[in-house]
Amino acid sequence: MKVYLDNNATTIVDPYVFEEMEPFFVQKYGNPNSLHGFASATHEPLKIAMEKIYAGINAPKEDSVVITSCATESNNWVLKSVYFEYILTGRKNHIIISEVEHPSVIATAKYLETLGCKVTYLPINHEGIIEARTLKDFITNKTALVSIMWVNNETGALFPVREIGDICAQKGVLFHTDAVQAIGKTPVDVQSFNVDYLTMSAHKFHGPKGVGALYMKKGRELTPLMHGGSQMGGLRSGTLNVAGIVGMGKAMEQAVDALGFEMSDIKDLRDRFEDELLKIPDTFVVTPREKRVPNTILISFRGIEGEAMLWDLNRAGIAASTGSACASEDLQSNPVMEAIGAEADLAHTAIRFSLSRYTTKEEIDYTILVVLEAVKRLRGISSSYAYAPEGHDSGLTKGH
Ligand code: PLP
């Protein structure tokens, strides 16, 4: 049996999405900017797709949604644009992000530091969540931007974007949120939150890879990073990825339609899976379920290297993730586990299982059996587990 439980990394393209995209490769392949029938055949489908993306996040017409190549581009763009508009010009000099943002935010912030920008990295609490009130202490009259993700990709933790947005609005600071892991898993409505910029990526909600978007509230600015054309109102030049945009539109529509199912049926499946995993002694989950999106479990099995567990799972046809970058012989620990200050022997043992609306009960039943076997085998040969004291308190919440 093959089981795909790495949906926070990427998702299968929904067959209806694929079907809608297909004609734009071999039939309607015109460049939308050309002046002939091949071009005009793309105009209406593009318009419909954009309407679906706007509707998916409840963006009013006067706001902007700009298509990009991926969320990495959208995240880079917001931070670098703020650098050009506010920091290079000397109006402000400071941005705030969380210490567990996606690398596309953290690496960009670190790059901007080399150009003179000051960056504050907000800590997470023991549940893996940002505390909005701590933000107030760090905002100064030199702060240009706060960039905090809506949902953490490792734990599935929901961050308090409502409170953060309200604080930013009161203090007159721009707020960007990376909502990549939120779309299709929790309601995202830009009109009921104080959000200035919001990042999306189609391949995280059953759309194609290579297409993302950046939402921008009316009146905000974006400095183009790609020059050379009039596409996207001149904000983002480059021939439009027609099939990708059509696919993203359909995927957004499907994600919104399936949200109820994700939040009930997939949540139930995830919870049952988690209940079974937590019956294994010395297993720990960081973020309580009610503070998480419905599809994610980040779980530590004391005494078992994450990579060793992945190996056993992979041999049995199951895809999951450790969330850690594996650099040559160095096994790095999970960044969220590190940020909450988990002991080293737990930080290396985290495994992320992320479900989707395609995950079945049979797949989860099979995975539970494989995990039980793997834990038995790997703890049997683990020297660190043999020495772990019985009932040792990890400081993490056990079972929710
Ligand atoms: N932001 C978050 C929270 C993510 O989980 C990811 C992908 O893992 C990205 C950004 C980057 O997405 P993309 O692959 O579209 O660049």
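This section describes two sheets, the helices that pack around them, and several individual residues in a predicted model.

The seven-stranded sheet is open, and its strands follow the order β2-β8-β7-β6-β5-β3-β4 with mixed pairing. Its edges are formed by β2 (64-68) and β4 (118-122), each of which pairs on one side only. On average, neighbouring strands of this sheet are turned by 20 degrees against each other, direction ignored. At the β4 end of the order, strand β3 (residues 94-98) runs parallel to β4 and is joined to it by five bridges. Within this pair, I95 stands opposite V119 of β4.

The edge strand β2 contains S64. With a relative accessible area of 23%, S64 is partly exposed, since the buried class is limited to values under 20%. Apart from its neighbours within four places in sequence, S64 is in contact with Y54, L214, Y215 and M216. The C-alpha atoms of S64 and A39 are 23 Å apart in space, for a separation of 25 residues in sequence.

Helix α7 spans residues 161-171, and its buried residues are V161, I164, G165, I167 and C168. Viewed down the axis of α7, these residues fall within an arc of 160 degrees and therefore line one face of the helix. An α-helix has 3.6 residues a turn, so residues three or four places apart point the same way. The packing partners of the buried residues of α7 are α6 (132-138) together with the strands β5 (143-147) and β6 (174-178). Both strands belong to the seven-stranded sheet, in which β6 and β5 are adjacent in the strand order. After α7 comes G172, which has a positive phi, near 70 degrees.

Positive phi values also occur at two residues that are not glycine. One of these is N58, with a phi of about 55 degrees, located in the loop between α3 and β2. N58 has a relative accessibility of 33% and counts as partly exposed. The other is M232, for which phi is about 50 degrees. M232 is placed in the loop between β8 (212-216) and α8, and is likewise partly exposed, at a relative accessible area of 21%.

The helices α3 (residues 37-56) and α8 (residues 242-278) pack against each other at an angle of about 35 degrees, and their axes are 8 Å apart. Their crossing is left-handed. By class, 11 nonpolar, three polar and three charged residues make up this contact of α3 with α8. On the α3 side, the contact involves T42, P45, L46, A49, M50, K52, I53 and G56. The residues met in α8 are V242, I245, V246, M248, G249, K250, M252, E253 and V256.

Helix α8 also lies across the strands β9, β10 and β14, and runs at about 5 degrees to β10. Helix α12 (residues 361-380) packs on this sheet as well, where it touches β9, β10 and β14, and its direction makes about 20 degrees with that of β10. The three strands form an open sheet in the order β9-β10-β14, with antiparallel pairing. Because β9 and β14 stand at the edges with a single partner strand each, one side of each is left without a neighbour in the sheet. Neighbouring strands here are turned by 30 degrees against each other on average, direction ignored.

Between the two edge strands, β10 (residues 296-301) has six of its six residues buried, so the strand is largely enclosed by the rest of the structure. T296, L298 and S300 point one way from β10, whereas I297, I299 and F301 point the other way; all are buried. Strand β9 (residues 283-285) runs antiparallel to β10, and three bridges join the two. In this pairing, F284 has S300 as its bridge partner in β10, and V285 is matched with I299. On the other side, five bridges join β10 to strand β14 (residues 350-354), again in antiparallel orientation. Here T296 stands opposite S354 of β14.

Key: Residues are numbered from 1 along each chain as its sequence is written. This is a predicted model: local features need pLDDT of at least 70, side-chain atom pairs count only at pLDDT 80 or more; totals for chains, interfaces and linings use all residues. Side-chain values use heavy atoms; hydrogens and water are left out. Buried means under 20% relative accessible area, exposed over 50%, partly exposed in between (1.4 Å probe, protein chains only). Helices (H or I, at least four residues) and strands (E, at least two) are DSSP runs, numbered from the N terminus. The arc is that of the directions from the helix axis to the C-beta atoms. Contact means heavy atoms within 4.5 Å. Axes are lines fitted to C-alpha atoms, for helices over the stretch in contact, and angles run from 0 to 180 degrees between N-to-C directions. A crossing is left-handed if the near helix is turned anticlockwise from the far one by less than a right angle, and right-handed if clockwise. Ala, Val, Leu, Ile, Met, Phe, Trp, Tyr, Cys and Pro count as nonpolar, Asp, Glu, Lys and Arg as charged, and the others, Gly among them, as polar. Two strands pair if DSSP finds at least two bridges between them.
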